[in-house]
Every structure is written in C-alpha cells, then in structure tokens.
Amino acid sequence: MVDDACDVNSNRIHLLDEATISKIAAGEVIERPASAVKELLDNSIDAGATEVKVEIEGSGVKRISIRDNGCGMSHADASMAFKKHATSKLSSIDDLETVRTLGFRGEALSSMAAVAKVTLITRRSRDVAGTKVTAGSDGVESLSEVGAPVGTTVDVADLFHSTPARRKYLKSSRTELAHITEVLTNYAIAHPNISFTLLNEGKVVLRSPASNNMFDNIVHIHGAEVARSLVPVVWENDLVKISGYISKPELSRSGSDLQSFYINGRSISSKAISNAIRLGYYTLLPKGRYPAAFLNLEIDPKIVDVNVHPRKTEVRLSHEKEIMDTVTAAVDSALRSTHLVPEIKVKDKPIPVQKVLYEEKDEEGTKFQNKVQIQASSQLLEEPASYHPPAKDTERRLKASSRLQSRLEASPREEESAFVADDVKIMGQFEDLYIVAEVEKKLLLIDQHAAHERVMYERVLDYRDMGWQELMNPVTLELNPKEKIILEEFIPFLEEVGFSISEFGPSTYVVTTVPTIFGRMESPDVIHDIVSDLLSVGRIKDDTEIYDHVFSTMACRAAIKAGAVCNKDQMADLIRQLKKCKNPYTCPHGRPTMISFTREELDRMFKRTG
C-alpha cells in the first residue's frame, strides 16, 4: 500500500501563483505594524526629510499614515514604486558593497500592498502637481495627478486584511504600539536633525524636535534621570569610529530596554554589541543588570553586510571580533575617565559616599535600613569592591516573608520529599551565595536568592491582599514613551497588589504606596523591572497570567540578595520557610533552588571507586 505522503498524485512539484509569492515575501518584510513604520521611515530619511509625522489608529492595524517633507517623487517614479524590487538606490550588485542608504531592497511598498490597502501621495518642488497612487494585493489600482505639498505621504490601511493568520500572531494593542514607539525612538536618537512626531488615535505619544546632537534627543525622550547618568564614549581606530553615550553603573535595568545601537546611522539589533558593552563594565554591574547605551559605529560599508535579513534589522560584520573588542575598550575607557563614586546631597552640600543607608521603623517597630537617593560625585572608583547587602537588610526581607507566611495555613501535600520531611544540618555559606547543608546523608547546596524568591512568590500568590504602606518620600519615575505605554496598561493590576501610581507630568509618574513586602522602596528600579518584564512577555492571555508575571518580578525584587551574608539563624529561617512551599525546588523563573549530591556521586567525582 502506498503511503499518503508518497502518493504520486499529491506531490507534483508546481510553481506558486504570484499572489501567494507576494504574501510570503510580505510576511518576511512586514512582520507587524512596527515593521511597516520602519520601512516607511527609511524612505523618508533617505528622501532628505527634516520633518516626519506618523499617525496610528488601531495600533497600526487599522491605519498607519506617515508624512514627510522630503524631496518627493516624480510621476514616473511614483508609478514604478509599487513594482517588486523597484529602487532608486541600487544600480548593480556591486552597489550592495557600499550601501549607505537605509532602504535599498525595493520591497517595502510592494510588500505592504500585498497585505494592506496603500495610498501614496507625493510631489517634488519642481513639479506643479503631485501624484496619487492606490495599490492593493492585485497591484496598482489607480494613478492620478493631485494637488499636494512637497514631500511624500503614505497611508497604509487594514494591515494584514488578506492574511488573517498574521493578525492572530500580533501581540496586545499596547505591545504593538510600544514596538512602533520604540522604532520612532531609535530613529529620533540616530537622526537628531529630523523632527519626529507620533500620534496614536490623535493623541501625541512622542514629539522629538530637531536638535544638533544625540544627547539632546536622549534627554527629550528618556528624561533627565537617564541623561544625568550618561557619560560620553568617543573612540576610533582603523576599523571603527565609535560615538555616543553609556550610563554610569548607578543606572541599570533588568533588560536591555535602554540600549540603542546604530551602524552608519542604521538602527540594528545586536547581542554582540550588548555583550561587548557588558564586558566593558566588568565587575561594575551585578549579574543580570544592563546599562543604558546609545552607540553609533561608523564602519567602512565594504565590511558591513546589511542584506542579511529582509527587515534589515541585523547586519553581518567582517572583523567582528576586533570590532567588538574595540567596543569593550571604548566603554572601559569612558568609565575609567569618569567619576563613579555616588554621592548624596544634604542641604545642597555634596557628601561623597559609596552607599548611604539610614534606619527607620515599620509599623511593628522593626528597624530596617533604606537607601537615600544618590548622585554622581567627583571621586574616581577604580576597582569597586563587591557590594554585600547589610545583615539588617537580609533580616528585614526574611521577616517580611515570615510575617506573610504566618498569616496563611500550611498547604497540605499528598507526598513530601526528603528535603521537606527531614531535618537539615546547616554547615555554612559559600561565597555569600549558597547555603551548604546536609540532609539524609546528602550534601545539599541551596541558592539563597532563588530559594527566598520562591518563598516570596508563593506567599504573594496565596495572599494577594498583602497590605500596603505609604512612602515617606514618594518615588518619582521618569519613563520613556515605550515604558509609559506599557505601564498604563498594567497600572490597575499593580494598584490591586499595593502600588499607588499617579501621572505627574507628560512622562513622569509618582509612586506613593508600595506592597508591604518591599519595606520602604529602595529605588524606582522595581517599577522599571516590572515594566521591562511585562514588555518582554508580549501577549498575555488573561488576568491570571498578568498577575503571575507581576508577582514573580515582585518576588525577585523583594527576596534576599545573592551576595548577602547570612548567619546560621537566618539560613535556618530561610530553610524553614522554604519547607512550607508547595514547590520548594525551583524559583518562579524555573531555576533550581537546590542541588544535592549523594556520597556515591561525590566518590565518583573524587575517583574513589575502589
């Protein structure tokens, strides 16, 4: 019997029809509304525009309109613009080796027309009348003369109407708008000579006026808090010229949201550059933290392959290792020539300190320590010692989870592991990271941060109404447009668990209360981390999943830290709390909380097999 997969009548090779080919190609170029915005911005910048206005409806799915004051197109060029691979920027294959324009593949308009309804209106200054072109999946539908200002306007309506499956894979409206905002933000920083405006449903999301330099636009978009921490980076050798800004170690995020990279003015995604920057900080940043970085690399186009990806968001570099080594050296040099010791201002008099903490009492009279807001000083810290949270901070965090746990009934279990059921003999702490213990003739290593993270997560999950406390000094958050969009969607969920967050200006929010598990909030980082975490998740199916992500981030921030010195009583308290968890074996992010070794396993490791 012939298998269906080998049926001679069902596997004849044939050519796809043009409509299917166009939609497949469009899917490679136009992945989401932000992809369409990026392609059109490339064309506006290449046309020499100094003003670009982007209007969005329905997070870009219903409508995208981009208007520029660039050079415009002639009637003949406009009529050709929707043909596949029609471009004014390449004449032969040799031109690919020296591409300096942002667009060059000639796929943008034809790809959009394959999955949307597109209208183009354009005029050059020398022409009396402009040209209007409408196009769809069947190609150009109409071509006519029309009155128009100098420049080009492209209107993209009903995106993915002919490919409904593509719409299903889009994220939430806020997330799609955040991606569009990120595209505009990156372009505004890379091209400070151009004024960019983004409107969503008629409301201004971003307005970046033209300026003389990158720093002015960083201030305008990311706010004074970020700008104050930036130091310039200037470096040049035979391979690359690097310019831009990085943050002092005092400003970091849990993700790379505050990093923008450009090669010859082209916004790109690059883990290699991010890793090279991180190496430049060496021990100045704790693991899992990312500095702000806005860097432009000028490289000979002959060693930059910009044709790696249809969306042109990635590049391939010859001599990549040497270039990344240069990035690391440039970052290291910038940090070494900058004053990195933080300071606190008291009555406008700067007092240089490395860490400043003060004691307060909570409602129950328990003392704890809290950081005071800090700024940069004039003293150089060449090799900062690793920061160890004070013992009282660790004690406060453990007591917070213990108080929550005492308000809950222990959850019954059908089966209990040896770890849960038996006593644990504590032997000590290794590198202020791991608790070393013995249980049932096994060597047990417990990751103290991951373990307490699991405790905090389950306590918060079981007891959402954990209470809140008012901050003596409200925390101010300066958010960039992308962060603001995400935060606005999740404010109701954050408020339900104890945060009170109010708008305090165009891009500023003030936090006046926090959940009790945080004690007194140390810094705005917890909010930034929650926003970054929610943004990285993308589409969240339901409220339960939203709470889960919020709680896991809160648990991480409230848990005792890696590097915190613990005495034996504190270690025993942590283990006692971990025993009562429903799942004591992993943190909320799936990392193991503990690893055990049997005598036999250790014997094999030491070759004691006789």
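A residue counts as buried when its relative accessible area is under 20%. That cut-off matters at once for strand β15 of this predicted model. Six of the seven residues in β15 are buried, and the strand is mostly covered.

Start from β15 and look at its partners. Strands of a sheet pair through backbone hydrogen bonds, in either a parallel or an antiparallel way. β15 (residues 293–299) pairs with β10 in the antiparallel sense, over seven bridges. Two pairs of residues help to place this contact. I246 stands opposite A293 of β15. K241 has E298 of β15 as its bridge partner. Strand β12 (residues 259–263) also joins β15, through five bridges, but here the strands run parallel. In this pairing, Q259 has A293 of β15 as its bridge partner. A293 therefore appears in both pairings, opposite I246 and as the partner of Q259. Now move to β10 itself. Strand β10 covers residues 240–247, and six of these eight residues are buried, so the strand is largely enclosed by the rest of the structure. On another pairing, β10 meets strand β9 (residues 230–236). These two strands are antiparallel and share seven bridges. P232 has Y245 of β10 as its bridge partner. β9 and β10 form a hairpin, with three residues between them.

A buried residue can also be found in a helix. N186 belongs to helix α6 (residues 173–190). Is N186 buried or exposed? Its relative accessible area is 14%, so N186 is buried. Leaving out residues up to four places away in sequence, N186 touches S260, Y262 and S267. Strand β12 spans residues 259–263, a useful landmark for finding S260 and Y262.

Next comes an open sheet of eight strands. Its order is β5-β4-β3-β6-β2-β1-β7-β8, and the pairing is mixed. Which strands stand at the edges? They are β5 (139–146) and β8 (203–208). Each has a single partner strand, so one side of each is left without a neighbour in the sheet. On average, neighbouring strands of this sheet are turned by 10 degrees against each other, with direction ignored.

Inside this sheet, follow strand β2 (residues 63–68) to strand β6 (residues 151–157). They pair in the antiparallel sense over six bridges. I64 has V156 of β6 as its bridge partner. Helix α2 (residues 33–46) packs on the sheet. It touches β1 (51–57), β2, β6 and β7 (195–200). The direction of α2 makes about 15 degrees with that of β2.

Helix α2 also meets another helix. Two packed helices are described by the angle between their axes and by the distance between those axes. The partner of α2 here is helix α4 (residues 108–115). The two axes come within 10 Å and cross at roughly 145 degrees. The crossing of α2 with α4 is left-handed. On the α2 side, the contact holds A36, E39, L40 and N43. On the α4 side, it holds A108, L109 and M112. By class, five of the residues in this contact are nonpolar, one is polar and one is charged.

Further along the chain lies an open sheet of four strands, in the order β23-β24-β25-β29. Its pairing is antiparallel. The edge strands are β23 (425–430) and β29 (594–598), each pairing on one side only. Neighbouring strands of this sheet are turned by 20 degrees against each other on average, direction ignored. Strand β25 (residues 442–447) and β29 run antiparallel and are joined by five bridges. I446 stands opposite M594 of β29.

Two helices accompany this sheet. Helix α13 (residues 448–462) lies across β23, β24 (434–439) and β25. It runs at about 70 degrees to β25. Helix α17 (residues 568–579) packs on the sheet and touches β23, β24, β25 and β29. The direction of α17 makes about 115 degrees with that of β23.

Finish with the cysteines. How many disulfides does a search of the whole structure find? It finds zero. C556 is in no disulfide, and the nearest cysteine sulfur, that of C587, is 7.9 Å away. A disulfide needs the two sulfur atoms within 2.5 Å. C556 is partly exposed, with a relative accessible area of 26%. C566, by contrast, counts as buried, at 8% relative accessibility.

How values were computed
Residues numbered from 1 in each chain as written. Predicted model: local features only at pLDDT ≥ 70, side-chain atom pairs only at ≥ 80, totals over all residues. Heavy atoms only, no water. Buried < 20%, exposed > 50% of the residue type's maximum accessible area, 1.4 Å probe, protein only. Pairing = 2+ DSSP bridges. Axes fitted to C-alpha atoms, helices over the stretch in contact; angles between N-to-C directions. Contact = heavy atoms within 4.5 Å. Left-handed = near helix turned anticlockwise from the far one by under 90°. Nonpolar A, V, L, I, M, F, W, Y, C, P; charged D, E, K, R; others polar.
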